[in-house]
Amino acid sequence: MLVVLNPQSNAGTARDRWRPVERALRERHTDLEVEMPGDAEQAAKLVRARIEAADGVTPDVIVAAGGDGMVNLVLNALMDPATDRPRRGAETLALGAIGLGSSNDFHKPMRKAAVIADVPACIDTERAELVDVGKATMLLPDGTRAVRYFLLNASMGLVAAGNHSFNHARGVIGWLKSRNVEAAIVATALSNIATHRPLPVQVRGSDWEHAAPITNVGVLKSVHFAGGMYYDTPVTRADGRFDVNIWQAAGRARILGLIAGLYRGKFSGSALATCHRDSVVELRPAHAVPLELDGEITIVESARLEVLPEVLKVCVA
């Protein structure tokens, strides 16, 4: 078992939360290795080096210890854009995770048995399953194209803007983030709602199109997002489809009402909700905007999102 640890997760509190988890893991796994790369680039290089080892010996599971962004980083290190499959050497290993981050949406819904020292842990290779991976092909503002993969969801609009603000939180929200994550998420949402304007964007599926301005669009492989919010639509990890949930343009009061409903898992019955299911979605905003993939932000001119069915083994509990 190889653990790749981001000690800076959750406003720098991850290192302290990791220590009791590591003690428990070492009692159970004599083969445990822990790496703490200095930055994202080093982390990606480390993962690729281990799966491309000259001796052909690779771990049976690579565990991303940190937040959802760390899981996304390891995912992208494992995937090969030339084939849309795991890289050579990673075909049979499993991706695991230990939730030291702020939202830990990867771990939801959480099982009581999948907890170590009060920290969610999906590391059981006996419970690993082949799951779908989302692929985002993005046109960047400089005219180049980039490919990123995601396991949870993508968004454009209010949620992406909120993630961007939350990831770069300073001042009061930055202070709150290190002490009460859910309160920091709510404060960030309120701040973004106060300045939000409907986003002109074309959302296209296989045989449908939504061309009116929107508040947000979520393209989901998991219903959980932004801490405590979750949708009531039927997507699963391995059903070969996205749920495409569009929040129609609305005033601040109605958006607040919609968000309040999402904290109770209510969305599809809202008058602001438009729901589709598809395996391919194109997002074409009127100007460059943030695209969120598993909480990580890229500024894009447009993006094509597609489901890669059951391509990666993931420890789901």
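**Exercise 1. In which helix is Leu256 found?**

Task: Place Leu256 in this predicted model, then describe its accessibility and the surface patch to which it contributes.

Solution.
Step 1. Leu256 is found in helix α8, which covers residues 252–262.
Step 2. The relative accessibility of Leu256 is 37%. Buried residues fall under 20% and exposed residues over 50%, so Leu256 counts as partly exposed.
Step 3. Together with Val186 and Leu190, Leu256 makes a nonpolar surface patch of about 230 Å².

**Exercise 2. The surroundings of strand β1**

Task: Determine which residues of β1 lie on each side of the strand and whether they are buried or exposed; then identify the strands with which β1 pairs.

Solution.
Step 1. Strand β1 consists of residues 2–5. Leu2 and Val4 are on one side, Val3 and Leu5 on the other.
Step 2. All four of these residues are buried, and both faces of the strand are thus covered.
Step 3. One partner of β1 is strand β3, residues 61–66, to which it is joined in the parallel sense over four bridges. Within this pairing, Leu2 stands opposite Ile62.
Step 4. Another partner is strand β2, residues 33–35, which runs parallel to β1 and is joined to it by three bridges. Here the bridge partner of Leu2 is Glu33.
Step 5. Leu2 therefore combines a buried position with bridge partners in β3 and in β2, where pairing requires at least two bridges between the strands.

**Exercise 3. Salt bridges within helices**

Task: For the pairs Arg26–Glu22 and Glu41–Lys45, state the distance, the spacing along the helix and the accessibility of each partner.

Solution.
Step 1. Side chains of opposite charge can pair when their charged atoms come close. The criterion applied is a nitrogen-to-oxygen separation within 4 Å, and the count by this rule comes to 14 salt bridges.
Step 2. Arg26 and Glu22 meet at 2.9 Å, N to O. Both belong to helix α2, residues 14–28, and are four residues apart, about one turn of the helix.
Step 3. Arg26 is partly exposed at 42% relative accessibility; Glu22 is likewise partly exposed, at 21%.
Step 4. Glu41 and Lys45 meet at 3.3 Å, N to O. They lie in helix α3, residues 40–51, and because they are four residues apart, about one helical turn separates them.
Step 5. Glu41 counts as exposed, with 53% relative accessibility. Lys45 also counts as exposed, with 52%.

**Exercise 4. A salt bridge between loops**

Task: Locate the partners of the Lys221–Asp239 salt bridge, classify their accessibility, and identify the network to which they belong.

Solution.
Step 1. The closest N and O atoms of Lys221 and Asp239 are 2.7 Å apart.
Step 2. This pair links distant parts of the chain, 18 residues apart. Lys221 lies in the loop between β14 (214–220) and β15 (224–225), whereas Asp239 lies in the loop between β16 (229–230) and β17 (242–248).
Step 3. Lys221 is buried, with a relative accessible area of 3%, while Asp239 is partly exposed at 25%.
Step 4. Through shared partners, salt bridges join Lys221 and Asp239 with Asp132, Asp243 and Arg277 into one network.
Step 5. The loop between β14 and β15 also holds Ser222. Ser222 is buried, at 11% relative accessible area, and its side chain reaches the backbone nitrogen of His224 at 3.3 Å.

**Exercise 5. The six-stranded sheet**

Task: Establish the strand order, the edge strands and the twist of the open sheet that contains β14.

Solution.
Step 1. The order of the six strands is β18-β17-β14-β11-β20-β21, with antiparallel pairing.
Step 2. The edges are β18 (273–278) and β21 (296–300), each of which pairs on one side only.
Step 3. From one strand to the next, the twist averages 20 degrees.
Step 4. Within the sheet, β11 (residues 153–157) is joined to β14 by five bridges, and the two run antiparallel. Ser155 has Gly218 as its bridge partner in β14.

**Exercise 6. A buried lysine**

Task: Describe the position of Lys135 and its polar contact with Asp84.

Solution.
Step 1. Lys135 is placed in strand β9, residues 128–139.
Step 2. With a relative accessible area of 12%, Lys135 is buried.
Step 3. The side chains of Lys135 and Asp84 are joined by a polar contact of 2.9 Å.

Note on methods
Residues numbered from 1 in each chain as written. Predicted model: local features only at pLDDT ≥ 70, side-chain atom pairs only at ≥ 80, totals over all residues. Heavy atoms only, no water. Buried < 20%, exposed > 50% of the residue type's maximum accessible area, 1.4 Å probe, protein only. Salt bridge = Lys/Arg side-chain N within 4 Å of Asp/Glu carboxyl O. Axes fitted to C-alpha atoms, helices over the stretch in contact; angles between N-to-C directions. Patch = residues over 30% accessible without salt bridge, like charges linked within 9 Å, V, L, I, M, F, W, Y side chains within 5 Å. Areas by Shrake-Rupley, 256 points an atom, 1.4 Å probe, with all protein chains shown as cover. Polar contact = N/O pair within 3.5 Å; in protein donor to acceptor, adjacent residues only side chain to side chain.
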